[in-house]
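Reader: I'd like to learn how to read burial and chain contacts from a model. Can you walk me through it?

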Amino acid sequence: MSKQKRTAPRARAAAPAAPAEQAERMPSGAVMERRLAETEYFTPGSVACPGCGGALAMRHFLRAMGPETVVVIPACCWAIIAGQFPYAALTVPTVNCLFAAASAVASGIGAGLRVRGDRGARVMVWVGDGGTYDIGLQSLSGALERNEDMLYVCYDNEAYMNTGIQRSSATPPGAWTTTTPGGKDMAKKNIMEIITAHRVPYAATVSLAFPEDLREKVKKARDIGGARFIHVLAPCPPGWKCQSSETVKLSRLAVDTKLDPLYEVENGLRWRITVEPRNLPVEDFLSRQGRFSNLDANDVRRIQAEVDRNWAVLRRQAEVNPL
Amino acid sequence: MKTAPRSRSSARAARGEVKVITGNYAVAYAAKLSRVQVVSAYPITPQTSIVEKLSEMCGSGELAAEFIKVESEHSAMSCLVGASLTGARAFTATSSHGLAYMHEVLHWAAGQRLPIVLVNVNRALGPGWNIWTDQTDSLSQRDTGWAQLYCESNQEALDTVIQAFRIAESVLVPVMVVLDAFSLSHTSEGVEIPPQDAVDRFLPPYRPAVRVDTANPRFFGGLVMPEHYMEHRWLLEENSRRILDVAAEADRDYGRAFGRSYGLVERYRAAGAELLLMATGTVASTAKEVIDAWRRRGRRVGLVRPRLFRPFPIEEMRSACRLARRLAVIDRNNSFGSGGIFATETRAALYGLPSGSRPEVLSYVAGLGGRDITPDVIDRILSAAWAGRAEPRGTWVDLKK
């Protein structure tokens, strides 16, 4: 892992949560382990695929959330990973629910806990991209509009991986899936713009390659009332056709190529970029995955142009409406 | 409405104020008396005034419940699944496409053994759009694992909702209470509102042994392999069968406490009847008038009215019908290509009786999409049945050629 310094951001409105650590960029594994070591709420022995980004994400999130957490999981890879009767992989209460229903079930759990006088527990909704961008979008929008007291996490592996790699509206342009054999023609839906349009108290993106940034944001989100949303890109070795050892590396490349910018938004209005990307070409990210193997130079140029456009929009948001 | 609750005049029965209210308001009062804790609903005609009234009660503080105003019926039932998992008493109301939209969540609620109570105001399914009464909406949820109770009057609707919570929480199976659009939902009649303290004695607070609780983490609704799935289903089946006794007992206790009980299968002038009519909901009220007229003419006819549809009260139906020569079932519903649904169920239920001691079951489909089932229509059904005239897959009555 390189320890390259980042170029100072051109118009950084505020420093990230832990500037000294960010400047150092990647502490050694041992240091990071010490920093993040806490009780585990995800037991060993799950059935997640090797290198599953979604599984790693749950570890990080639950360590930041703590034991007073109720996890709600609709149909998605995690409906399998969470355990098979009579075993459970999490040591916090876990509610499985229907594909389209996660935000509504979470709303009901919140209401039920309130009427029963249980004010300590926090509801964390844990949903894949299909359940967030597609089939669950209606109930998610409803819950955001009602400002339900929940932390909604989308672990985004960019396709229906649990059913064997079919495209979702989170699948990026050009990506192969079993239902886009020639590569997807459409753009990836911009879920963060949809979420922030609801003016929710807090929305953020986090990356598995930046666990301290992740942890700061999760802890911040944990202690805010109302609807909070966090997006985490979850590399999927079988679906992305990449090495299972490259989950964290690909996560980092996604940030540094600006495909997965890390930022946070308060009340839908105040934006802050929390990790400045190294501005690498998108090809560095695409070329390590078999799902993009059918792209030609023109495709890559088009993707680069779209990424640059999206980044310019985000950058402008953070400059004009800084947090 | 001609209702014949089996009143047991008990000196100890709690009496309440009589209000002239619609069926929908009777349901709202029942939910309030049941001290529901979480309500979640989405508007649909003709159910809407139930949840409007409950909103008003929550808004004024008269009812201490959380009301989650969701963006769809799918979410309404999903909210209640979440709420019920925490141990809260949960209620909703819907109709027609709203119920159809809840369909997969109904399976989930029953499979997770959540004692949710839902009131469905029967309404026809489209196309074309039709807001009037028709039972195909609730009957097509037959296999979701929900108990179903059909009501004949506004008073019965109120009484049945309170009974429904007692049944649901005794066996951990959700219960659907069903009433006719407009002829009950929007028609006012005198309804006795029982006193709160008596309802509290009949229906103590819901305290589940297992619930969502961070002090006692549990795993709800996860992956179940073939080696265990059937046993999970059996637990639901076993408890569904218990509903027959539990519902009968709840109804008897209710009669002792409030002076009104209905039985699982109401019999009206059924003793010694050669020809029995079978009807549910408000059609039964109209039928009782026609039965009286035929009896005055010396014809031995009577009526059976099952209140419980799931589980189907097979023994009670056999005992109520076995001495009749014919049983004419009026279905305000249809299973396409098969016929009226109550008729089909009843044939299956009576088939276990020895041949020669069971009535011939004749099926008549009438009143779909809210078309009036008038005394004249019922009179013609009785005449046809008396003469043994019926098509094998059901005769459609009052059909324009």
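Author: Sure. Start with burial: a residue is buried if 20 or more other C-beta atoms lie within 10 Å of its own, and exposed if 12 or fewer do. Keep in mind that this is a predicted model.

Reader: Okay, how many residues of H5(A) are buried?

Author: 13 of the 14, so by that cut-off H5(A) is mostly covered. The helix spans residues 102–115 of chain A, and its first and last C-alpha atoms are 20 Å apart, close to the expected 20 Å. Just after H5(A) comes Gly117(A), with a positive phi of about 80°.

Reader: And which element gives the largest share of the side of chain A that touches chain B?

Author: The contact takes 38 residues from chain A and 36 from chain B. On the chain A side, H5(A) gives the largest share, 11 residues. That side divides into 22 nonpolar, 13 polar and 3 charged residues.

Reader: Which strand of chain B is joined to E2(A) by bridges?

Author: E9(B), residues 219–220: 2 bridges join the two strands, and they run parallel. In one pairing, Val95(A) has Phe220(B) as its bridge partner.

Reader: Back to burial, then. How does Glu192(B) count?

Author: Partly exposed, because it has 18 C-beta neighbours inside 10 Å, and a residue needs 20 or more to be buried. Glu192(B) sits in strand E8 of chain B, residues 188–193. Leaving out residues up to four places away in sequence, Glu192(B) touches Arg15(B), Gly16(B), Val18(B) and Gln155(B).

Methods: Residues are numbered from 1 along each chain as its sequence is written. Chains are lettered from A and ligands numbered from 1 in the order in which they are written. This is a predicted model: local features need pLDDT of at least 70, side-chain atom pairs count only at pLDDT 80 or more; totals for chains, interfaces and linings use all residues. Helices (H or I, at least four residues) and strands (E, at least two) are DSSP runs, numbered from the N terminus. Two residues are in contact if their C-beta atoms, placed from the backbone, lie within 7 Å. The expected span of a helix is 1.5 Å times one less than its number of residues. Ala, Val, Leu, Ile, Met, Phe, Trp, Tyr, Cys and Pro count as nonpolar, Asp, Glu, Lys and Arg as charged, and the others, Gly among them, as polar. Two strands pair if DSSP finds at least two bridges between them.
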